[in-house]
Structures are given as structure tokens and as C-alpha cells.
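This report describes the fold elements of one chain, from a single helix to the sheet and its annotated domain.

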Amino acid sequence: MEKYKILEIKKSVFEDNDRQADLLREELKKDNTFLLNLMSSPGSGKTTTVLRTINALKDEMSIGVLEADIDSDVDANTVAKTGTKVIQLHTGGMCHLDAGMTKQGLSGLGTEEIDFVILENVGNLVCPAEFDTGASKNAMILSVPEGDDKPLKYPLMFSIVDVLLINKIDAMDYFDFDLDAVKERVKKLNPNIKVIPISAKAGEGIDEWADWIRTEVKNWSQK
Ligand SMILES: Nc1nc2c(ncn2[C@@H]2O[C@H](COP(=O)(O)OP(=O)(O)OP(=O)(O)O)[C@@H](O)[C@H]2O)c(=O)[nH]1
Ligand SMILES: [Mg+2]
């Protein structure tokens, strides 16, 4: 007889979350709501990109935003100024959102009339990569000042996203950031990843980013 049991708690937490995430994706598909999970390190430009995205697409689709942070309502306040429907989620110290928390946020937002929801996840390159939020697609931002070695140090995040935005390219001259090396590193981890260099501040690359979203929202509603 075994002296004691060993419980794989982390594994069951992930399996439970994966089930909830799949159910949430099905609900979103029925509602024709496309959910984009946007992840990155703190300060790499998520909120600035959200503002640019709203500006590019607000006349074509109804947009909602979920802002997730450990504390504060700074980002929700910034987004609310654009007139976009937004909810601030406080994770109470957790460094990621899971599918259950995302579902609560979506219920608060009310998705019946919304075509496209952007979820700005908690700034972190580790935990958010491990938890499926139920999103239709996953995106991440790597900004130039963070350095071109990040795909080597945080491979999971770069492996699970559909699209990588390389932000702050306006600052490229001030950093020894090798864009080709990043592309090569991420393609090794994730051959199907799409890479779009942008400057959320100056607007460069936003047309290509908005086109990617248009296509994905259309594909989602036709599935
Ligand atoms: N030079 C430059 N600065 C940028 C760009 N995008 C964002 N920033 C600046 O980077 C800082 C952080 O931007 P945010 O958009 O708040 O970043 P964030 O990822 O939302 O930050 P957290 O929500 O705190 O994780 C701000 O001072 C922005 O003005 C860019 O393309 N170029
Ligand atoms: Mg932000």
C-alpha cells in the first residue's frame, strides 16, 4: 500500500482551466464575438496599441476592452476617454487572467452587441502564457528597449501566440536590437507566427495590424 498520495495540483488546475476556456470560446463563437488576448511585459505598449487599434477600427466594428491589472484603473480610465466600452479587472495579486476571470469580465462588459473585444492581460511574460483565457487569438508585444534575446528567455510566450508585434521601432537607433535575429528566433519556436513591426506611438505598422484583425474577425464570424 502507498504511504501517501501525490496530487498533481498544477496539472489539474491547467486541465480545469483549459476546459473552461474551450467552453468560453464556443460561447463567444455563438455570439459572433472575437476575443483577442494581448500580452507583454509591463510598459511595452499594450495600452498605446489598444488606443491605436480602437482608432483604426471603431468605424467598422463595435469594440469592447477588458483591462486586467493587479491594481489601479489607470488603463481603463485612458481607454474610457475614447468613448469605448471598457471594464477594469483587478486580479488581486495574480499575475495572469484565467478563463473564469475572463468570463466574468466579458459578462460585466456584455458581449451581445460587441464584435471585437481586446483583453489587455496583466503585464508579464511568464504566467499569462500558461493560462488559456478562452481567446479566439493570442497576440503579444515585444518592444525594442526590452532586447532581442527575449524569445530565448521566455520561449513559451513566443510559442503560443498567433501574432507578435514588435513595438517602439521608432526607438530602434538607440538600442542594439537585431530585428532579423528576433524573427529567426521566434520562427524556430513557432513557424506559423506572424510578426508585425509597429510604432504604437507614431502609427507605423498599424495598417498591417488592423488588416490582420479585420481578417481574423471576419474568419471568426464565418466559422
Ligand atoms: N517611443 C515609443 N514609446 C512608446 C511606444 N508605445 C508606447 N510607448 C510608451 O511606452 C510607455 C508605456 O506604454 P503603455 O502603452 O502604457 O504600456 P503597457 O504595456 O500598457 O504598460 P502596462 O499596462 O503598465 O503593462 C508609455 O510612456 C508610452 O508612451 C512606441 O511605439 N514608441
Ligand atoms: Mg497598459
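## Helix α2 and the sheet

In this predicted model, helix α2 (residues 46-57) has 12 residues, which at 1.5 Å a residue should span 16 Å; the end C-alpha atoms of α2 are 16 Å apart, so the two values agree. The buried residues of α2 are Lys 46, Thr 47, Thr 49, Val 50, Thr 53, Ile 54 and Leu 57. Because these residues cover an arc of only 155° around the axis, they lie on the same side of α2.

Seven strands form an open sheet with parallel pairing, in the order β3-β2-β4-β1-β5-β6-β7. At its edges are β3 and β7, each of which pairs on one side only. From one strand to the next, the twist averages 20°.

Residue ranges of strands in this sheet, including both edge strands, are as follows.

| Strand | Residues |
|---|---|
| β2 | residues 63-69 |
| β3 | residues 85-90 |
| β5 | residues 137-143 |
| β6 | residues 163-167 |
| β7 | residues 194-197 |

Strand β2 runs parallel to β3, and six bridges join the two. Asp 69 is placed opposite His 90 in β3.

Which strands does helix α8 lie across? Helix α8 (residues 179-189) lies across β5, β6 and β7, and runs at about 160° to β6.

An unreviewed UniProt entry annotates residues 38-196 as "domain: CobW/HypB/UreG nucleotide-binding". Over residues 38-196, helix makes up 35% of the chain and strand 23%. The end C-alpha atoms of this stretch are 14 Å apart.

How values were computed:
Residues are numbered from 1 along each chain as its sequence is written. Chains are lettered from A and ligands numbered from 1 in the order in which they are written. This is a predicted model: local features need pLDDT of at least 70, side-chain atom pairs count only at pLDDT 80 or more; totals for chains, interfaces and linings use all residues. Side-chain values use heavy atoms; hydrogens and water are left out. Helices (H or I, at least four residues) and strands (E, at least two) are DSSP runs, numbered from the N terminus. The expected span of a helix is 1.5 Å times one less than its number of residues. Buried means under 20% relative accessible area, exposed over 50%, partly exposed in between (1.4 Å probe, protein chains only). The arc is that of the directions from the helix axis to the C-beta atoms. UniProt positions are given in the numbering used here, feature names are shortened, and annotations may be inferred rather than shown by experiment. Two strands pair if DSSP finds at least two bridges between them. Axes are lines fitted to C-alpha atoms, for helices over the stretch in contact, and angles run from 0 to 180 degrees between N-to-C directions. Contact means heavy atoms within 4.5 Å.
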